[in-house]
Amino acid sequence: MRDERGLYERLCLEGFQSGLSWLTILRKREGFRAAFAGFDPDTVSAFGERDVERLLADASIVRHRGKIEAAIANARATVTLRAVRPLQELFWAFAPERREGPPSAAQWQASTPESAALAKELRRAGFRFVGPTTVYAAMQSLGIVNDHVAVCFARAECEAERAALTRPVRRR
C-alpha cells in the first residue's frame with residue numbers, strides 16, 4: 001500500500017487497536033471510516049473540539065479521548081509532512097533489507113530497530129500514539145516487513161510482493 005489515505009488509516013487503526021483485540025477494531029472499521037471522513041487527512045485535520053465530543057459519543061468506534069485526539073493530530077502531521085516528505089515515502093524509507101524469516105513464532109519480535117527509528121521520526125513530525133510496537137504492526141500490515149516464519153508456505157510470495165513494493169517511490 002502506497003497511498004497516503006491508506007497509510008493514515010492503518011496508522012490510526014493500529015493506534016486505536018493498542019490494548020484491544022484486533023477483532024474489535026475490524027468489527028468497527030466501517031464505523032471508523034464514517035466517523036473519520038474516510039480517513040481523509042485534509043478533512044480530519046480540520047476537526048475541532050466539537051468533533052472530538054461527537055466522536056466520544058459515537059458507539060460505532062472506540063471512544064477513547066487520547067486516541068481520538070491522536071488521530072486528529074496525526075492527520076494534521078500528515079498534511080504538514082507533505083511539504084517535506086510524504087507519509088508513504090517516509091514509511092517506505094524505513095523498509096528493512098530482505099531478511100530470513102524467524103525460525104519459529106517464538107522468535108517473532110514486537111518491534112525492530114527500523115520501527116523504533118520510524119516511530120521517532122513520526123513523533124518528531126508531530127504524530128502521536130506511534131510507539132515502536134504500533135509502528136511495527138503498521139509496517140507489517142502495509143507489507144513493508146515480512147515476518148512470516150521461514151517455513152511458512154506464504155513467505156516467498158509475501159517477500160516477492162514486498163520486494164516489488166520497496167522500489168523507490170516517485171514524488172509527484
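These legends walk through four close-up views of a predicted model.

**View 1. Helix H1 packed against helix H6.** Helix H1 covers residues 4-17, and helix H6 covers residues 65-81. The two pack with their axes 10 Å apart, at an angle of about 155°. Angles over 145 degrees count as roughly antiparallel, so H1 is roughly antiparallel to H6. Their crossing is right-handed. To follow the contact, start on H1 with Glu-4, Tyr-8, Cys-12, Gly-15 and Phe-16. On the H6 side, look for Lys-67, Ile-68, Ala-71, Ile-72, Asn-74, Ala-75 and Thr-78. Sorted by class, the residues of this contact are seven nonpolar, three polar and two charged.

**View 2. Helix H1 packed against helix H9.** Here the partner of H1 is helix H9, residues 132-142. The axes of H1 and H9 come within 9 Å and cross at roughly 135°. H1 and H9 are therefore oblique to each other, and the crossing of these two helices is right-handed. From H1, the contact draws on Leu-7, Arg-10, Leu-11, Glu-14 and Gly-15. From H9 come Thr-134, Ala-137, Ala-138, Ser-141 and Leu-142. The contact of H1 with H9 has five nonpolar residues, three polar ones and two charged ones. If you have just come from the previous view, you will recognise Gly-15 of H1, which takes part in the contact with H6 and in the contact with H9.

**View 3. Helix H5 packed against helix H6.** Now we turn to helix H5, residues 49-56, which packs against H6 at an angle of about 135° with the axes 10 Å apart. That angle makes H5 and H6 oblique to each other. Their crossing is right-handed. H5 contributes Glu-49, Val-52, Glu-53, Leu-55 and Leu-56 to the contact, while H6 contributes Arg-65, Ile-68, Glu-69 and Ile-72. By class, the contact of H5 with H6 holds five nonpolar and four charged residues, with no polar ones. Two names may look familiar: Ile-68 and Ile-72 of H6 meet H5 here, and both also appear in the contact of H6 with H1.

**View 4. The largest cavity and its lining.** How many cavities of 30 Å³ or more are there? The count comes to one, and the largest cavity has a volume of about 50 Å³. Its lining is made of Leu-11, Cys-12, Gly-15, Phe-16, Lys-67, Ala-70, Ala-71, Asn-74, Arg-128 and Phe-129. Which elements give two or more residues to this lining? They are helix H1 and helix H6. Six residues of the lining are nonpolar, two are polar and two are charged. Several lining residues can be traced back to the first view: Cys-12, Gly-15 and Phe-16 of H1 are among those that meet H6, and so are Lys-67, Ala-71 and Asn-74 on the H6 side.

Note on methods:
Residues are numbered from 1 along each chain as its sequence is written. This is a predicted model: local features need pLDDT of at least 70, side-chain atom pairs count only at pLDDT 80 or more; totals for chains, interfaces and linings use all residues. Side-chain values use heavy atoms; hydrogens and water are left out. On a 1 Å grid over the protein atoms alone, a cavity is a set of points where a 1.4 Å probe fits but cannot get out, and a pocket is an open set with protein on both sides within 12 Å along at least five of seven lines; lining residues have an atom within 4 Å of a point. Grid points are joined across faces, edges and corners, and a volume is the space filled by probe spheres set on the points. Helices (H or I, at least four residues) and strands (E, at least two) are DSSP runs, numbered from the N terminus. Ala, Val, Leu, Ile, Met, Phe, Trp, Tyr, Cys and Pro count as nonpolar, Asp, Glu, Lys and Arg as charged, and the others, Gly among them, as polar. Axes are lines fitted to C-alpha atoms, for helices over the stretch in contact, and angles run from 0 to 180 degrees between N-to-C directions. Angles under 35 degrees count as roughly parallel, over 145 as roughly antiparallel, 65 to 115 as roughly perpendicular and the rest as oblique. A crossing is left-handed if the near helix is turned anticlockwise from the far one by less than a right angle, and right-handed if clockwise. Contact means heavy atoms within 4.5 Å.
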